Structure formats: C-alpha cells, structure tokens
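Got your viewer open and your selection tool ready? Let's take a walk through this structure, one stop at a time.

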Amino acid sequence: MTDMDLARLDALEQQLLDGLMAGDVEALERLYAADRRHIHYDGRREDNAEYLAPLRDGAVRYTRIEPYGERHVALAGSTAVVTGDLAWTAELPDGTTAEGFIAYSSVWADRGNGPEHLLWHSSPTPRTPVTPA
C-alpha cells in the first residue's frame, strides 16, 4: 500500500470498530470505499447504503464490540487483509438484544487516494474470549 504500514492498518481497523461502536456513520463513510461490500455472519450481503441505514436511523446500536485473541494484518502490494475475532452485542429495533462471537476478514486497499475499506466478511464461531485470571 502506498504510505501504508502494519501499524497504520491496525489503527484504521480500530477506527472502523470504534466508528461502529459509536454509531458514527460519517466516520464509517470516510473509511468505506464506494463499492464496499459487507457479508454478515449469516450470509446476508449488503452494500454501504444497506449496511449503514439501520445505524444511521438508530435502529441498530452496538453496545459491545470487543476484539479478543490476535488481530493479524497481512500486506500484499496496495491491498491488506486483517483477520481477527470479535465478541459483539447489539440492540435491535424490536427491543431485543443480539450477541455473538465472530471470526472476521477485513480488506483494505489503496487505489490512489489513501486506504479504503473494501470488504467485511464474518463467520460465527463457538469460541469464547479468554478472561484474564
């Protein structure tokens, strides 16, 4: 990636997670590529408008996005892949709460205007975070 290193990529990934937790749609839009796709843990696929609508409307609010385990960043030219594990909890429009543990892949690329987030793909995992003793 032009002007990209592992530490910068890790920081961008954290900005993405922080934006989700804060419900900061404007911050997420600054990070997201126009042609970004989001593949949910249940297989649903959404473009930016579809994914951001419930956050923008306040219909979905994350109350926990907690990475656990090691986050790995791999660089390949102008593209980077971040993988990791998250525990998450969200309040849904019907007043219920959803939560789970996911393994995820996050793809970033620099296509000449700085790094942009291109893809999020997650899968459910039965793993639970390790709690320090």
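Start by selecting Trp120, which is buried, with a relative accessible area of 4%. Keep in mind that you're looking at a predicted model.

**Stop 1: the partner of Trp120**

Now add Tyr104 to your selection. Tyr104 is buried too: its relative accessible area is 4%, and anything under 20% counts as buried. Look at how the two rings sit: the centres of Tyr104 and Trp120 are 4.3 Å apart and the planes are at 10°, so this pair is stacked. Planes under 30 degrees apart count as stacked. The pair links distant parts of the chain, with Tyr104 in strand E5, Trp120 in strand E6, and their positions 16 residues apart in sequence.

**Stop 2: the sheet**

Zoom out and colour by secondary structure. In what order do the 6 strands of the open sheet lie? Going across, you should read E2-E1-E6-E5-E4-E3, and the pairing is mixed. At the edges are strand E2 (45-47) and strand E3 (61-76), each of which pairs on one side only. Turn the view and follow the twist, which averages 20° from one strand to the next.

Next, select helix H1, residues 6-22. Helix H1 packs on the sheet and touches E1, E3, E4 (79-91), E5 (97-110) and E6. Compare directions with E3: H1 makes an angle of about 160° with that strand.

**Stop 3: strand E1 and its two neighbours**

Select residues 32-39, which is strand E1, together with 115-124, strand E6. These two run parallel and are joined by 4 bridges. Two places are handy for finding your way: Tyr32 stands opposite His117 in E6, and His38 stands opposite Trp120, the residue you began with.

Now look at the other neighbour, E2. Which way do E1 and E2 run, parallel or antiparallel? They run antiparallel, with 3 bridges joining them. One spot to click on is Arg37, whose bridge partner in E2 is Asp47. The hairpin of E1 and E2 has 5 residues between the strands, and there Gly43 takes a positive phi near 95°.

While you're here, show the side chain of Arg36. Arg36 lies over the face of Tyr32, at 3.7 Å from the ring centre. Arg36 also lies over the face of Tyr51, this time at 5.3 Å from the ring centre.

**Stop 4: the loop between E1 and E2**

Pick His40, which sits in the loop between E1 and E2. Is His40 buried or exposed? His40 is buried, as its relative accessible area is 11%. Leaving out residues up to four places away in sequence, His40 touches Glu46, Tyr51 and Ser122.

Searching the whole structure turns up 3 aromatic pairs. For one of them, select Tyr41 and Trp88: the ring centres are 5.7 Å apart and the planes are at 45°, so the pair is tilted. Tyr41 lies in the loop between E1 and E2 while Trp88 is in strand E4, so this pair ties together parts that are 47 residues apart in sequence. Switch on the surface to compare the partners: Tyr41, at 37% relative accessibility, counts as partly exposed, whereas Trp88, at 11%, counts as buried.

**Stop 5: the nonpolar core**

Hide the surface again and look inside. The largest nonpolar core has 26 residues. To find your way in, select the ones with the most contacts inside this core: Leu16, Leu20, Tyr32, Leu55, Tyr62 and Trp108. Which elements give two or more residues to the core? They are H1, helix H2 (25-31), helix H3 (48-56), E3, E4 and E5.

**Stop 6: two last residues**

Click on Leu6, which lies in helix H1. Leu6 is partly exposed, with a relative accessible area of 45%. Setting aside neighbours within four places in sequence, Leu6 is in contact with Val73 and Leu75. Try the distance tool here: the C-alpha atoms of Leu6 and Ala74 are separated by 7.7 Å, although these residues are 68 apart along the chain.

Finish at Gly77, in the loop between E3 and E4. Gly77 counts as exposed, with 56% relative accessibility. Draw one more line, from Gly77 to Asp110: they are 33 residues apart in sequence and 9.1 Å apart in space, C-alpha to C-alpha.

How values were computed: Residues are numbered from 1 along each chain as its sequence is written. This is a predicted model: local features need pLDDT of at least 70, side-chain atom pairs count only at pLDDT 80 or more; totals for chains, interfaces and linings use all residues. Side-chain values use heavy atoms; hydrogens and water are left out. Two strands pair if DSSP finds at least two bridges between them. Axes are lines fitted to C-alpha atoms, for helices over the stretch in contact, and angles run from 0 to 180 degrees between N-to-C directions. Contact means heavy atoms within 4.5 Å. Rings of Phe, Tyr and Trp (its six-membered ring) pair if their centres lie within 6.5 Å; planes under 30 degrees apart count as stacked, over 60 as edge-to-face and the rest as tilted. Buried means under 20% relative accessible area, exposed over 50%, partly exposed in between (1.4 Å probe, protein chains only). A charge sits over a ring if NZ of Lys or CZ of Arg is within 6 Å of the ring centre and within 35 degrees of the ring normal. A nonpolar core is a set of buried Ala, Val, Leu, Ile, Met, Phe, Trp, Tyr and Cys residues joined through side-chain atoms within 4.5 Å.
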